[in-house]
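Reader: I have a model to go through before I set anything up. Can you walk me through its pockets, its strands and its odd backbone spots?

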Amino acid sequence: MRVGVIGSGSWATALAKILTDNKKPIHWYIRKEAIIKHLQQRHHNPHYLHSVYFDTSLLTLSTDVAAVVAASDCILIAVPSAYILDTLQPLDKAAFKGKKIISAVKGIIPQHNLLLNDYLANEYDVPQADYFTVMGPCHAEEVAAEKLSYLTFSGVDVTITEEIATYFTTEYINTIVNNDVYGVQYAAILKNIYALGSGIAHGLEYGDNFLSVLIANCADEMAGFLKKVGIRHIEVGIHEEDPVTHRKAANYSASVYLGDLLVTCYSLYSRNRTFGNMIGKGYSVRATQLEMNMVAEGYNACKCMYDINQTVQAEMPIAAAVYRILWENVKPGDGFKQIEQVLV
């Protein structure tokens, strides 16, 4: 399959590295001509993951998203969720017809409160069978350093999902396949919200003892939401048999659910934790956004998920408190006094 990559941030750059390390040529949409010229001349992204150098003979670079999509059989979308609409706006409704879509978007489209697959189905008639996700835990910085990481690929067609996963399997990337397209996306969105909370707690100078209790309760809260929306495979200690490999199938303790939550809440690479830490230290939301060079997906996600949960009605006091701190100007200390009362 001819692969197209949409996006030029740290995660898109890391995924492009994985593909080209496997000698896969890619068509790469990059919004700014200056970044393209830098890549062509100096072989690395000028803004992210400077240590990653590309074999430019494998890169076809373009500022024309429609041209990249047209030239590709499989399109990897790796832009922040807030920019999806603007990025895809030049495409006509039939642009994705017959193509496979891989989402590396760990957020929800804030203008519609929709997961990317639902948005693409509504606007571009992309069938569920042609939609796949790639989720962590996998910080771009560690991919750049070639530290062993695990990526989970989800799709309803297991055979095609496994084929796509082989494009990303390297000595430093182990790949896992499942069919939980909705569950892995919701988990990726929620863990960013809880990482904001973890960062706020750190900024307020709570200690490790409190953080461990907070994150354990976040894990429970996330599992409760997933159950409410009908996601299976979230019983800890219970594994179904994978019908294809006959190995034990992943459950909630697997890397893409609990593992991604833990690393995003604890890692210094986590932009959501960093964002929350600044809020806890007294920065305003606007000042924090200006200070950071990368998008923290959890900021918009906490409002979207708060709105979605008005229908789902899962018990989510921690996520609700993070929402109120960031969107309703509740003081971080006051918000966490409320959280203290619900932790077990």
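Author: The questions below go from open space to the sheet, and then to the backbone; the model is a predicted one.

Reader: What is the volume of the largest pocket?

Author: The pocket is lined by 47 residues. Its volume, computed on the protein atoms alone, is about 1,300 Å³.

Reader: Which residues lie nearest the centre of that pocket?

Author: Several helices supply at least two lining residues each, among them α1 (10–21), α8 (181–203) and α13 (298–312). α10 (255–266) and α11 (271–280) do so too. The residues nearest the centre are Gly 9, Tyr 48, Pro 80, Arg 271 and Val 295.

Reader: How many residues of the pocket lining are charged?

Author: Split the lining by class. There are 24 nonpolar residues and 14 polar ones. The charged residues number nine.

Reader: How many cavities of 30 Å³ or more are there, and what is the volume of the largest cavity?

Author: The count at that cut-off is one cavity. Its lining includes Met 1, Leu 19, Cys 74 and Phe 168. The volume of the largest cavity is about 40 Å³.

Reader: How many polar or charged residues line the largest cavity?

Author: The lining residues are Met 1, Val 3, Leu 19, Cys 74, Ile 102, Ile 164, Tyr 167 and Phe 168. Eight count as nonpolar. For polar the tally is none, and for charged it is also none.

Reader: Now the sheet. Which residues of β5 lie on the side with Ile 102, and are both faces covered or open?

Author: In a regular strand the side chains alternate between the two faces of the sheet. In β5 (residues 100–103), Ile 101 and Ser 103 take one side and are buried. The other side is buried as well, so both faces are covered, and the residues there are Lys 100 and Ile 102.

Reader: Which strands pair with β5?

Author: β4 (residues 74–77) runs parallel to β5 and is joined to it by four bridges. Leu 76 stands opposite Ile 102 there. On β6 (residues 131–135) the pairing is also parallel, over three bridges, with Ile 101 opposite Tyr 131. The partners are β4 and β6.

Reader: Which helix sits between β5 and β6 in the β-α-β unit?

Author: The unit starts at β5 and ends at β6. It is right-handed. The helix is α5 (residues 116–124).

Reader: How far apart in space are Ile 75 and Ile 102?

Author: Ile 75 is in strand β4. Its relative accessible area is 0%, so it counts as buried. Its contacts include Gly 4, Ile 6, Phe 96 and Ile 102. Ile 75 and Ile 102 are 27 residues apart in sequence, yet the C-alpha to C-alpha distance is 6.0 Å.

Reader: Why does Thr 133 count as buried?

Author: Thr 133 lies in strand β6. Its contacts include Ile 102, Phe 153, Val 181 and Gln 185. Buried means under 20% relative accessible area. Thr 133 therefore qualifies, with a value of 0%.

Reader: Which residue of β2 is the bridge partner of Ile 6?

Author: β1 (residues 3–6) and β2 (residues 26–29) pair in parallel over four bridges. The chain crosses from β1 through α1 to β2, and the crossover is right-handed. The partner of Ile 6 is Tyr 29.

Reader: Which helix links β2 to β3?

Author: β2 and β3 (residues 59–62) run parallel, joined by four bridges. Ile 26 has Leu 59 as its bridge partner. The right-handed crossover from β2 to β3 goes through α2 (residues 33–42).

Reader: Where is the cis peptide bond?

Author: Most residues other than glycine have a negative phi, and most peptide bonds are trans. Here omega is about 10°. Pro 137 is in the loop between β6 and α6. The cis bond joins Gly 136 and Pro 137.

Reader: What is the phi of Asn 113, and is the residue buried or partly exposed?

Author: Asn 113 is in the loop between β5 and α5. Its relative accessibility is 23%, so it counts as partly exposed. It is not a glycine, but its phi is positive, at about 55°.

Reader: What is the phi of Glu 146?

Author: Glu 146 is in the loop between α6 and β7 (149–154). With a relative accessible area of 43%, it is partly exposed. Its phi is positive although it is not a glycine, at about 60°.

Terms used. Residues numbered from 1 in each chain as written. Predicted model: local features only at pLDDT ≥ 70, side-chain atom pairs only at ≥ 80, totals over all residues. Heavy atoms only, no water. 1 Å grid on protein atoms, 1.4 Å probe; cavity = no way out; pocket = protein on both sides within 12 Å on 5 of 7 lines; lining within 4 Å. Points joined across faces, edges and corners; volume = space filled by probe spheres on them. Nonpolar A, V, L, I, M, F, W, Y, C, P; charged D, E, K, R; others polar. Buried < 20%, exposed > 50% of the residue type's maximum accessible area, 1.4 Å probe, protein only. Pairing = 2+ DSSP bridges. Right-handed = clockwise from strand over helix to strand, strands pointing away. Contact = heavy atoms within 4.5 Å. Lists of a residue's contacts leave out its neighbours within four places in sequence.
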